[in-house]
Amino acid sequence: MKNLEHEDLGFITKYGEIEEYQDEYFYTINSRNSDLMQEIKSRVSEKKPMFPYLSNGENLSKVKRPIKWDVLLSNKCEIRSTRDLIGKFAVRRRDTKSTLLNKGHLVAKKFQKYICGENKPIDDFFCENVIANIAYQFSDKNSGNDKKRGQLQFEQAVMNSFPKDTGTDSENKKVLVYYEVEPIFLNTDDKIPIGTRIFAFRDTDTSDQVNNFISQNKEKDEFTITLPYHIFIPNYMEYNGAEKDSEITNAFKKFYAGDIESISKWYSHQNTSKNK
């Protein structure tokens with residue numbers, strides 16, 4: 001069973017009606033706000049393509065957990081660094097590692113070319129310890145697997161929206177993609193999100209086109225992820241056991257609060273118990 005059940009997702013419904021896609025990791029969001037596209041467009045531009053959502057008085061050099069971003073990607077952007085765009089940002093000095101978790105980028109590392117104009121050298125913002133852009137995610141929800149799609153496959157759909165580089169700038173049509181990514185926290189003081197909401201669309205897309213990739217084919221594995229999409233990917237681990245298992249409930253509560261080792265310890269204990 002899942003640690004997150006459908007009724008646990010009420011906090012995301014402010015964006016619209018949610019629907020779990022059968023046998024997949026993600027939920028679709030049917031937006032209630034038809035103006036959301038325009039709101040995102042108003043916050044970013046080709047000159048200022050990155051908009052960090054910060055609390056009053058907060059700045060990127062002081063944040064203590066991942067934050068929401070609006071980003072504009074372009075295959076015709078200028079060569080620049082993210083520090084030119086957003087200034088200094090906080091970096092985590094100490095790191096806790098877990099075989100169950102990835103340090104998932106909110107603004108994907110592969111997007112660098114469409115923000116900074118080039119892929120190399122790797123811009124500091126896309127390193128793995130930038131607090132505002134890194135969220136601990138269960139590895140299958142971040143990368144997907146052979147059967148289910150995770151965040152990686154939706155990021156790849158963004159990349160597929162851009163024409164292949166022919167080596168001649170004049171032959172490539174300008175493409176603009178707006179990308180909003182938000183880590184969702186259950187509690188105000190939590191450090192690890194319960195999931196990630198992503199809204200991606202091209203400048204030519206309209207709100208009534210969102211999530212059309214779902215209706216293209218009803219057969220699983222036959223649809224292709226395309227833009228525009230508005231989805232939510234929960235950050236949970238599947239497990240077997242009693243529905244009201246206080247041990248796993250407490251482990252996840254500690255995990256979302258920032259105690260990464262709580263899940264690793266619980267998982268190790270479960271495996272040990274099964275092998276006895």
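**Figure 1. Two positively charged side chains, R65 and K68, are placed over aromatic rings in this predicted model.** The charged end of R65 is positioned over the ring of F185, at 3.8 Å from the ring centre. K68 lies over the face of Y53, and here the distance to the ring centre is 4.2 Å.

**Figure 2. F51 and Y53 make one of the aromatic pairs of the protein.** The count of aromatic pairs comes to 17. A pair of aromatic rings is described by the distance of the centres and the angle of the planes. For F51 and Y53 the centres are 5.0 Å apart and the planes stand at 85 degrees, an edge-to-face arrangement. F51 is partly exposed, with a relative accessible area of 29%. Y53 is also partly exposed, at 21%, a value that does not fall under the 20% limit for a buried residue. The ring of Y53 is the one over whose face K68 lies.

**Figure 3. F138 and F255 bring together two distant parts of the sequence.** Their rings form a tilted pair, with 5.3 Å from centre to centre and 45 degrees between the planes. F138 belongs to strand β6 and F255 to helix α7 (residues 246–257), so the pair ties together parts that are 117 residues apart in sequence. Both partners are buried: F138 has a relative accessible area of 2%, and F255 has 0%. In the protein as a whole, among contacts between residues at least 6 apart in sequence, 70% join residues at least 24 apart.

**Figure 4. Y21, F26, F154 and Y229 form one aromatic cluster.** One member, Y229, is located in strand β9, which spans residues 229–234. This strand also takes part in the pairing shown in the next view.

**Figure 5. Strand β2 pairs with both β1 and β9.** Strand β1 (residues 16–20) runs antiparallel to strand β2 (residues 27–31), and 5 bridges join the two. Within this pairing, E19 has T28 of β2 as its bridge partner. β1 and β2 form a hairpin with 6 residues between them. In the turn, D23 has a positive phi of about 60 degrees. β2 also runs antiparallel to β9, with 2 bridges between them. T28 stands opposite I231 of β9, and T28 is thus named in both pairings of β2.

**Figure 6. Strand β4 (residues 69–74) is mostly covered.** Of its 6 residues, 6 are buried. In a regular strand the side chains alternate between the two faces of the sheet. In β4, W69, V71 and L73 point one way, whereas D70, L72 and S74 point the other way, and all are buried. β4 has antiparallel pairings with strand β3 (residues 50–52), through 3 bridges, and with strand β7 (residues 176–184), through 6 bridges. F51, shown above in its pair with Y53, has D70 of β4 as its bridge partner. L73 stands opposite V177 in β7.

**Figure 7. Two cis peptide bonds and a residue with positive phi lie in loops.** Most residues other than glycine have a negative phi, and most peptide bonds are trans. The bond between K120 and P121 is cis, with omega of about -5 degrees. P121 lies in the loop between α3 (112–116) and β6 (134–138). A cis bond also joins L227 and P228, with omega of about 5 degrees. P228 is in the loop between α6 (212–216) and β9. N211 is not a glycine, yet its phi is positive, at about 65 degrees. This residue is found in the loop between β8 (195–202) and α6. N211 counts as buried, with a relative accessible area of 7%.

**Figure 8. The whole protein provides the setting for the close-up views.** The protein has 276 residues, of which 47% count as buried. It contains 8 helices and 9 strands. Its accessible surface comes to about 14,500 Å², and carbon and sulfur atoms account for 44% of this area.

How values were computed. Residues are numbered from 1 along each chain as its sequence is written. This is a predicted model: local features need pLDDT of at least 70, side-chain atom pairs count only at pLDDT 80 or more; totals for chains, interfaces and linings use all residues. Side-chain values use heavy atoms; hydrogens and water are left out. Helices (H or I, at least four residues) and strands (E, at least two) are DSSP runs, numbered from the N terminus. Buried means under 20% relative accessible area, exposed over 50%, partly exposed in between (1.4 Å probe, protein chains only). Contact means heavy atoms within 4.5 Å. Accessible areas come from the Shrake-Rupley method with a 1.4 Å probe; for residues, only the protein chains shown count as cover. Two strands pair if DSSP finds at least two bridges between them. Rings of Phe, Tyr and Trp (its six-membered ring) pair if their centres lie within 6.5 Å; planes under 30 degrees apart count as stacked, over 60 as edge-to-face and the rest as tilted. A charge sits over a ring if NZ of Lys or CZ of Arg is within 6 Å of the ring centre and within 35 degrees of the ring normal.
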